[in-house]
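Please look at the structure shown here and follow its parts step by step, beginning with a helix and the turn of chain after it. The sheets, the cysteines and the aromatic rings come afterwards.

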Amino acid sequence: MHYDFVVIGSGPSGRRAAVQAAKYGRSVLVIEKGRRVGGVSVHTGTIPSKTLRETVLNLTGWRERGFYGLGYRVKKDIEVGDLQARLHKTLEHEVEALDHQFARNRVHVLRGQASFVDPHRLSVQTEAGDLRMIEADRIVIAVGTRPLRPAHIPFNGETVVDSDELVELKSLPRSLTVVGAGVIGVEYATIFSALDVRVTLVEPRETFLDFIDRELVEDFIHQLRDRGLGFRLGSKVNSIQFENDQPVAILDGGRRVRSEMLLFAAGRVGATDTLNLSACGLAADDRGRLKVDPETFQTSVPHIYATGDVIGFPSLASMSMEQGRIAAHHACGNPLPSAPSYFPYGIYSVPEISTVGMSEEEVRKTGKPYECGIARLRETSRGHIMGLNGGLLKMIFSIETRRLLGVHIVGEGATELVHIGQAVLNLGGTLDYFIDNTFNYPTLAEAYKIAALDAWNRMTPRRDAEAKVPPSLPAEEVVGND
Ligand SMILES: Cc1cc2nc3c(=O)[nH]c(=O)nc-3n(C[C@H](O)[C@H](O)[C@H](O)COP(=O)(O)OP(=O)(O)OC[C@H]3O[C@@H](n4cnc5c(N)ncnc54)[C@H](O)[C@@H]3O)c2cc1C
């Protein structure tokens, strides 16, 4: 069977590539080895973890605790069934929407495992057991990743699990050790801690989330320590033993961390091992990842593209979709859409973190003069109404040009709020945008104005500040804000 465009994998990047190529009138086939379309994103990654988070926040009454006290609960005894019910419903909707999107755009789907026979042909082992031969002019490898499972970790799917297995929890542990303080580890550690599970986060490095502004990470760690989440930073897990069927992580130096369950979330590897890449002239690196041209997403074999997590950083569903779209544009001979310079990074921990642009550490390295402005979310009227205790928004501006250089937020709504900063950043906006514009009241977005005024105060000598008070604000509000 021949197609113009074949995509291996139906995750965010594969789906976007397929739909885009179909919109250009190409005959398109998506090959998916999983039981249903959607990829890691729908079945074990983004959507399950975010649904779990939302369910936990709702059922624990987390968002209301600042107001009604730490003992407040919406549901007293939360069971694993409560978490699964919402998860299955959400996944069902997502899969339905995807099936419909493929059908609407006349994208064919073949369920089975693909591997290369030569640079233009793929053999597909279908679930029914037959072998199909598919020929394609253009191919997109969008196979994503799977959890890293080192040999010395005794995974058993129940008390020692990876992040895919965690989605199908059979019971809620009372204590959890999370190994690996990357984004996935931090998200799950804080979600379970919000469920009042005793959590210990173990990380071999002394620091974590190093791509995030340090001031934000410090605030984040402070909030987590405050609610009892334990950290073992700079500690490598040497082995895992079992005592009374419970896993005990043995750390460097002999320290032991015992818990009812252990989540190993220290990395993922590209799912390229079954693709028989040598038959098409490609090779993956030691983590199963493929190298591509960062503009077009072509591999070294020009008619074969690779998109999504299989090419490595930033390994986000949001960026994967964009990569799939760009690859399809290029493969169909259309000009590449111009990509904005800055994309946001969202970490759906509790509290959430989101960031766009340069961190203070990155700005400092440029040697150019800069100033920061900070707002606490509890300083806004909306924050008072919501009973927020924590959360901060930080903006960094160039002193020479007044341009916004970075926005960093930790706290309620961070992953939504960040888009205001993203728009200003990508449009080359300055401090004055935040000072001069009116924001809805009461909103958390007002924190942008407060942070901008804070930066304005620091950037403007006091005598000048009195003369240059922004017209809409009383002088004492501006001058008294530093
Ligand atoms: C726990 C977790 C939480 C996450 N949270 C977020 C988040 O909040 N926000 C965010 O933006 N990103 C998040 N991500 C990352 C996001 O899920 C990925 O960036 C995204 O799924 C990558 O998409 P992809 O197109 O590379 O394909 P994937 O979603 O990885 O899917 C690849 C598909 O290819 C199929 N496949 C593999 N090999 C073959 C083969 N040989 N033949 C046929 N089919 C094959 C697989 O079955 C799979 O369905 C999270 C990831 C995890 C694990």
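In this predicted model, a good place to start is Arg106, which comes just after helix H5 and takes a positive phi of about 55°. Helix H5 itself covers residues 80-104, and because a helix of 25 residues should span 36 Å at 1.5 Å a residue, the 36 Å between its end C-alpha atoms agrees with that expectation. Which residues of H5 are buried? They are Val80, Leu83, Gln84, Leu87, Leu91, Val95, Leu98, Gln101 and Phe102. When you read along that list, it helps to remember that an α-helix has 3.6 residues a turn, so residues three or four places apart point the same way. The buried residues of H5 pack against several other elements, namely helix H1 (12-23), strand S2 (28-32), helix H2 (39-43), helix H3 (46-60) and strand S3 (107-118).

We can now turn to the sheets, taking the parallel one before the antiparallel one. Five strands, in the order S7-S14-S8-S9-S10, form an open sheet with parallel pairing. At its edges stand strand S7 (160-161) and strand S10 (230-233), and because each has a single partner strand, one side of each is left without a neighbour in the sheet. Strand S9 (residues 198-203) runs parallel to S10 and is joined to it by four bridges, and Leu233 in S10 is the bridge partner of Glu203. Helix H7 (residues 183-194) packs on this sheet, where it touches strand S8 (175-179), S9 and strand S14 (261-264), and the direction of H7 makes about 165° with that of S9.

The other sheet to follow is also open and has five strands, in the order S17-S18-S21-S20-S19, but here the pairing is antiparallel. Its edge strands are strand S17 (345-347) and strand S19 (370-376), each of which pairs on one side only. From one strand to the next, the twist averages 10°. Within this sheet, strand S20 (residues 392-398) and strand S21 (residues 404-410) run antiparallel and are joined by six bridges, and Leu392 stands opposite Val410 in S21. Helix H8 (residues 214-226) packs on the sheet and touches strand S18 (353-357), S19, S20 and S21, with a direction that makes about 5° with that of S21. Helix H12 (residues 414-426) lies across S17, S18 and S21, and runs at about 10° to S18.

The cysteines can be considered next. A disulfide is a covalent bond between the sulfur atoms of two cysteines. How many disulfides are counted in this model? The count comes to zero, and Cys332 gives an example, for the nearest cysteine sulfur, that of Cys280, is 19 Å away, whereas a disulfide would need the two sulfur atoms within 2.5 Å. Cys332 is buried, with a relative accessible area of 9%, and Cys372 is buried too, with a value of 11%.

Aromatic rings offer another way to trace how parts of the chain come together, and a search of the whole structure finds nine aromatic pairs. One of these is formed by Phe211 and Tyr345, whose rings are tilted, with 4.7 Å from centre to centre and 50° between the planes. Phe211 lies in the loop between S9 and H8 while Tyr345 lies in strand S17, so this pair ties together parts that are 134 residues apart in sequence. Are these two rings buried or exposed? Phe211 counts as partly exposed, because its relative accessibility is 36%, whereas Tyr345, at 11%, counts as buried.

Another pair, formed by Phe434 and Tyr448, is stacked, with 5.4 Å from centre to centre and 5° between the planes. Phe434 belongs to helix H13 (residues 431-436) and Tyr448 to helix H14, and the two residues are 14 apart in the chain. Phe434 is buried, with a relative accessible area of 0%, and Tyr448 likewise counts as buried at 0%. Both take part in one aromatic cluster, together with Phe397 and Tyr433.

Following Tyr448 leads us to helix H14 as a whole. Helix H14 (residues 446-459) has 14 residues and reaches 20 Å from its first C-alpha to its last, close to the 20 Å expected at 1.5 Å a residue. Of its 14 residues, 13 are buried, so H14 is largely enclosed by the rest of the structure.

Key:
Residues are numbered from 1 along each chain as its sequence is written. This is a predicted model: local features need pLDDT of at least 70, side-chain atom pairs count only at pLDDT 80 or more; totals for chains, interfaces and linings use all residues. Side-chain values use heavy atoms; hydrogens and water are left out. The expected span of a helix is 1.5 Å times one less than its number of residues. Buried means under 20% relative accessible area, exposed over 50%, partly exposed in between (1.4 Å probe, protein chains only). Contact means heavy atoms within 4.5 Å. Two strands pair if DSSP finds at least two bridges between them. Axes are lines fitted to C-alpha atoms, for helices over the stretch in contact, and angles run from 0 to 180 degrees between N-to-C directions. Rings of Phe, Tyr and Trp (its six-membered ring) pair if their centres lie within 6.5 Å; planes under 30 degrees apart count as stacked, over 60 as edge-to-face and the rest as tilted.
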